[in-house]
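Here are some exercises for getting to know a new structure, each with a worked solution. Try each task yourself before reading on.

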Amino acid sequence: MEIEILAGEYAVCQIPKGQSMAPPKDRGGFWSVTETDEEVSLICRVDRIPETLQKETGWCVTRIRGVLDFSLVGVLLKVIQPLADRGISIFTVSTYNTDYILLKEECLEEAVQAWNEQGYHVRRESHD
């Protein structure tokens, strides 16, 4: 299995309920908006967020490369278990095709080491 580290620093933001926010024309990198009946969250590169949003910066985004079939069981658990064993906190987002794992920048190298020890191939995104 291959894990890719996306380029750039990311932030997890909270958009006030009821506030609309048009995405920039050049979103660049990963961009995810999740809306529930209680809140709206945005994950994007730090250079793409409005200054007025409540945010936590310093996140890295990684993804499991390839398309994961819905019938697969335990893929995300296998990838995040080595991180949990090392006390690395994560934040995940799943899409139709794959899973994204966010972790704080200061934990990235330890996460890469944990994944390498499990036999995962970890690579950095080749473009920004």
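**Exercise 1.** Find out whether Ile43 is buried or exposed, and list what it touches.

*Solution.* Keep in mind that this is a predicted model.
- Step 1: The relative accessible area of Ile43 is 4%. Buried means under 20%, so Ile43 is buried.
- Step 2: Ile43 lies in strand 4.
- Step 3: Leaving out residues up to four places away in sequence, Ile43 touches Ala11, Val12, Phe30, Trp31, Ser32, Phe91, Val93 and Leu102.
- Step 4: Take Trp31 from that list. Its C-alpha atom is separated by 5.7 Å from that of Ile43, with the two positions 12 residues apart along the chain.

**Exercise 2.** Place Arg45 in the structure and decide whether it is buried or exposed.

*Solution.*
- Step 1: Arg45 is found in strand 4 (residues 40-45).
- Step 2: Its relative accessibility is 11%, so Arg45 counts as buried.
- Step 3: For a distance, take Ala22, which is 23 residues from Arg45 along the chain; the C-alpha atoms of the two are separated by 15 Å.

**Exercise 3.** Work out how many aromatic pairs the structure holds, and describe each.

*Solution.* A pair of aromatic rings is described by the distance of the centres and the angle of the planes.
- Step 1: There are 2 aromatic pairs.
- Step 2: In one of them, the ring centres of Phe30 and Tyr100 are 4.5 Å apart and the planes stand at 40 degrees, so this pair is tilted.
- Step 3: Phe30 sits in the loop between strand 2 (10-15) and strand 3 (32-35), while Tyr100 belongs to strand 7 (residues 99-104), so the pair ties together parts that are 70 residues apart in sequence.
- Step 4: Phe30 and Tyr100 are both buried.
- Step 5: Trp59 and Phe91 also form a tilted pair, with 6.2 Å centre to centre and 50 degrees between the planes.
- Step 6: Trp59 lies in strand 5 (residues 54-64) and Phe91 in strand 6 (residues 90-94), so this pair ties together parts 32 residues apart in sequence.
- Step 7: Trp59 is buried at 9% relative accessibility, whereas Phe91, with a relative accessible area of 31%, is partly exposed.

**Exercise 4.** Describe how helix 1 and helix 2 cross, and which residues make the contact.

*Solution.* Two packed helices are described by the angle between their axes and the distance between the axes.
- Step 1: The axes of helix 1 (residues 75-85) and helix 2 (residues 108-117) come within 9 Å and cross at roughly 125 degrees.
- Step 2: With that angle, helix 1 is oblique to helix 2.
- Step 3: The crossing of helix 1 past helix 2 is right-handed.
- Step 4: Helix 1 contributes Val79, Pro82 and Leu83 to the contact, and helix 2 contributes Ala111, Ala114 and Trp115.
- Step 5: Sorted by class, this contact has 6 nonpolar residues, no polar ones and no charged ones.

**Exercise 5.** Say where His121 lies and which residues it is in contact with beyond its neighbours in sequence.

*Solution.*
- Step 1: His121 is part of strand 8 (residues 121-124).
- Step 2: At 45% relative accessibility, His121 counts as partly exposed.
- Step 3: Setting aside neighbours within four places in sequence, His121 is in contact with Met1, Glu2 and Ile3.
- Step 4: Ile80 is 41 residues from His121 along the chain, and their C-alpha atoms are separated by 14 Å.

Note on methods. Residues are numbered from 1 along each chain as its sequence is written. This is a predicted model: local features need pLDDT of at least 70, side-chain atom pairs count only at pLDDT 80 or more; totals for chains, interfaces and linings use all residues. Side-chain values use heavy atoms; hydrogens and water are left out. Rings of Phe, Tyr and Trp (its six-membered ring) pair if their centres lie within 6.5 Å; planes under 30 degrees apart count as stacked, over 60 as edge-to-face and the rest as tilted. Helices (H or I, at least four residues) and strands (E, at least two) are DSSP runs, numbered from the N terminus. Buried means under 20% relative accessible area, exposed over 50%, partly exposed in between (1.4 Å probe, protein chains only). Axes are lines fitted to C-alpha atoms, for helices over the stretch in contact, and angles run from 0 to 180 degrees between N-to-C directions. Angles under 35 degrees count as roughly parallel, over 145 as roughly antiparallel, 65 to 115 as roughly perpendicular and the rest as oblique. A crossing is left-handed if the near helix is turned anticlockwise from the far one by less than a right angle, and right-handed if clockwise. Contact means heavy atoms within 4.5 Å. Ala, Val, Leu, Ile, Met, Phe, Trp, Tyr, Cys and Pro count as nonpolar, Asp, Glu, Lys and Arg as charged, and the others, Gly among them, as polar.
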